[in-house]
2 protein chains.
Amino acid sequence: MIGSHIDSVPAGGRYDGTVGVMAAIEVADALQQSRTALRHPLEVVIWMNEEGGLIGSRIVAGELRDGDLDAVAVSGVTHREGIVRLGGDLTRIESAVWAPGRNAAYLELHIEQGASLDRDGLEIGVVEGIVGIYAWDVVITGEQNHAGATAMVDRKDALLAASRYVGAVDRIVRAEGQAVGTVGRLSVAPGARNVIPGRVEASLELRSLDEARITRLFDTIQRETAEIGAANGTTFSFTLAQSRGPSMCVPAIRDAVRTQARALGRTTNDVPSGAGHDAQSMAHVGPMGMLFVPSVAGISHSPWELTHPAQITQGAEVLLQTVLSLDANPPSAESR
Amino acid sequence: MIGSHIDSVPAGGRYDGTVGVMAAIEVADALQQSRTALRHPLEVVIWMNEEGGLIGSRIVAGELRDGDLDAVAVSGVTHREGIVRLGGDLTRIESAVWAPGRNAAYLELHIEQGASLDRDGLEIGVVEGIVGIYAWDVVITGEQNHAGATAMVDRKDALLAASRYVGAVDRIVRAEGQAVGTVGRLSVAPGARNVIPGRVEASLELRSLDEARITRLFDTIQRETAEIGAANGTTFSFTLAQSRGPSMCVPAIRDAVRTQARALGRTTNDVPSGAGHDAQSMAHVGPMGMLFVPSVAGISHSPWELTHPAQITQGAEVLLQTVLSLDANPPSAESR
């Protein structure tokens, strides 16, 4: 099975996901045009709602948890409502689940979305694994008050506390290393120029290949926010919104990608994936691996996202050769 | 002329403005019921859109500036559109302007909105003057990017820069003293949990009885934000959105309020007004003064705003006696 996703974040780019789908279609087309017979059936998969939490691939992997479909997506409706709106039948979701062992191998080509390949001038990234992602909804409660009449010393400013929280996340995550931490969402109530903010709703997202590191980071952030709150009379609450452990790519597929890339004259490096991918859902269904093509300047989830056409072609060629290699020598069950 | 305003901030309280309007109506009613003849005509005024920048009182004071009516109010439409929607005739705005000297005296009762009277257990605040208010729209530009794939060191996070700005405003204003500074509005784009913010729009508001202090504070804030931006690859821009110098209450009215309050057995203190008031527009039309009743815990611009009924009654009694006193001994032209 080869493929990727076609959905996008708001104001995202044109390469994230789509490049892997187009490459998979090109590989299938090339095999058909060259009348190549494979030992295994080849499937091309196009995932839906990867950006909203790998919803499509988790459904078929049987990895959906209670309440996942009730979460409100960035479109403003729940996943449940979105599926119905697109003509899906919620009563048949269970029947969509694939049995473990269904796939002899799953292989996904994707843009790196980070700067490491581009910075080092390399052509193909052999993915080691996909980081775990934990996310929380954060609510900071202070006291809404008049911006002119309330002395600085009398304020319980929720936005001031939130600002210290954003700074603390950056500092704590940098000090730990081998992880990233992001506050991407933050809204202020009531949000008028002449009113001291009484409430802030924000997000927290932590990613690492090492799950224990994520736990340690969150503990430190919680401890520091308690101190921030105590200092200006505000309170913090954290509600877990997403938790997904890291997924490692199987060594047999990593080796096949590396060998085929080098046979084609491509330069390679072993890289972690900081982004989540449908491949991690597919790890529950069979051996999984990924390869990356470079992202210019590491820019992604942005209209400035770019991978040059020649780099995409190189990736598709490695994908084709790796499919042929894995078809001839599929990963053993133990490697899973 | 006595009165106040009846509009409110979003999610505001029930006392800000309304208390002064009700007290003025009660004073007029008491004078009529007691068949008291005054030397001067008494007018009760009910201002509109005080919270949006003293729009109503500035129109009659001739203090409207080019572009003021084109600003977008918190309702989402411009003041110009709002006036038309309410049945106003924009072509006749000029004819609404009052000549300087029209008012023998303007006196406004208002809730303090700060904690000083309540904290000290005092009943009436004799207002010294109204602070100047300067406000800016602030735009912080970074680089939108993928929250998983972008290393901490490669980020140009607009929200991280914005957070440092919010902290700097608090620190700089506290260090200066005799002023307040607030960031009440802050919105993040694109605002998704898994995207590094590329752009933040925020506000800045500075208030002080000393205009030079406001200028000094803004210079320091601009200098520090330039450093904040240089440190993480973001840029700040400030656009002046509001500027109004401080207004002092005339000594003759301050003395009359203090004398009448004490004659009624009330405890008093001289206090500055950290909030803006229509009285400062009226300073252009004649002698102006204000008196405050306490705000419980200093809470205002909030549903928790409270002034006890007995405190409002005390304020209305002082307002009545001060009207009688000023009618007998109006402030001289020189005191203006």
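**Reading a two-chain model**

Mentor: In chain A, the loop between β8 (186–189) and β9 (195–196) holds A:Pro190. The model is predicted.

Trainee: What makes the peptide bond that joins A:Ala189 and A:Pro190 notable?

Mentor: Its omega is about 0°, and the bond is cis. Most peptide bonds are trans. Chain B has a cis bond as well, between B:Ala189 and B:Pro190, again with omega about 0°. B:Pro190 lies in the loop between β8 (186–189) and β9 (195–196) of chain B.

Trainee: What is notable about the phi of B:Leu54?

Mentor: The value is positive, about 55°, although B:Leu54 is not a glycine. Most residues other than glycine have a negative phi. B:Leu54 belongs to the loop between β2 (44–47) and α2 (55–60) of chain B. B:Ala297 is likewise not a glycine and has a positive phi, about 60°. Its place is the loop between β14 (288–293) and α9 (309–328) of chain B.

Trainee: Why does B:Leu54 count as buried or exposed?

Mentor: Buried means under 20% relative accessible area. B:Leu54 has 1% relative accessibility, so it counts as buried.

Trainee: And why is A:Arg102 put in its accessibility class?

Mentor: The partly exposed class lies between the 20% and 50% limits. A:Arg102 is at 36% relative accessibility and therefore counts as partly exposed. It is in the loop between α3 (79–85) and β3 of chain A. Beyond its neighbours within four places in sequence, A:Arg102 contacts A:Met1, A:Glu43 and A:Val285. The C-alpha atoms of A:Arg102 and A:Val285 are 5.9 Å apart, although 183 residues separate the two in sequence.

Trainee: How do you know whether strand β3 (residues 106–111) of chain A is mostly covered or open?

Mentor: Count the residues that fall under the 20% limit. In β3(A), 6 of the 6 residues are buried, and the strand is mostly covered. This holds for both faces: one carries A:Tyr106, A:Glu108 and A:His110, the other A:Leu107, A:Leu109 and A:Ile111, and all are buried.

Trainee: What makes β3(A) and strand β14 (residues 288–293) of chain A a pair?

Mentor: Pairing takes at least two bridges. Here 6 bridges join the two strands, which run parallel. One of the bridges links A:Glu108 to A:Met290 in β14(A).

Trainee: What do the totals say about chain A as a whole?

Mentor: Chain A has 9 helices and 14 strands. Of its 336 residues, 55% are buried. Among contacts between residues at least 6 apart in sequence, 79% join residues at least 24 apart. Along the principal axes, the C-alpha atoms fill a box of roughly 80 × 50 × 35 Å.

Trainee: Why is the relation between chain A and chain B called a two-fold axis?

Mentor: Two copies of a chain are related by a rotation about an axis and a shift along it. For this pair, a rotation of 180° with a shift of 0.1 Å along the axis superposes chain B on chain A, with an RMSD of 0.1 Å. That is the relation of a two-fold axis. In chain B, the C-alpha of B:Ser163 is the nearest to the axis, at 2.1 Å.

Trainee: How do you know through which surface the copies meet?

Mentor: Of the interface residues of chain B, 100% are also interface residues in chain A, so the copies meet through the same surface. The contact involves 62 residues of chain B and 62 residues of chain A. Between them about 5000 Å² is buried, 54% of it from carbon and sulfur atoms. B:His146, B:Met152 and B:Arg193 supply 16% of the area that chain B buries against chain A, more than any other three residues.

Trainee: Which residues have the most contacts inside the largest nonpolar core?

Mentor: They are A:Tyr165, A:Leu186, A:Leu204, B:Tyr165, B:Leu186 and B:Leu204, in a core of 64 residues. Leaving out residues up to four places away in sequence, B:Leu186 touches residues of both chains, including A:Leu159, A:Leu186, A:Val188, B:Leu159 and B:Val200.

Trainee: What are the confidence scores?

Mentor: The pLDDT of chain A averages 94, and 99% of the residues score at least 70. For the model, ipTM is 0.77 and pTM is 0.78. Where pLDDT is low, the predicted coordinates should not be read in detail.

Key:
Residues are numbered from 1 along each chain as its sequence is written. Chains are lettered from A and ligands numbered from 1 in the order in which they are written. This is a predicted model: local features need pLDDT of at least 70, side-chain atom pairs count only at pLDDT 80 or more; totals for chains, interfaces and linings use all residues. Side-chain values use heavy atoms; hydrogens and water are left out. Copies are superposed by least squares on the C-alpha atoms of residues with pLDDT of at least 70 in both. Contact means heavy atoms within 4.5 Å. Buried means under 20% relative accessible area, exposed over 50%, partly exposed in between (1.4 Å probe, protein chains only). Helices (H or I, at least four residues) and strands (E, at least two) are DSSP runs, numbered from the N terminus. pLDDT is the predictor's confidence in each residue, from 0 to 100. A nonpolar core is a set of buried Ala, Val, Leu, Ile, Met, Phe, Trp, Tyr and Cys residues joined through side-chain atoms within 4.5 Å. Buried area is the accessible area (1.4 Å probe) that two parts lose on being put together, summed over both.
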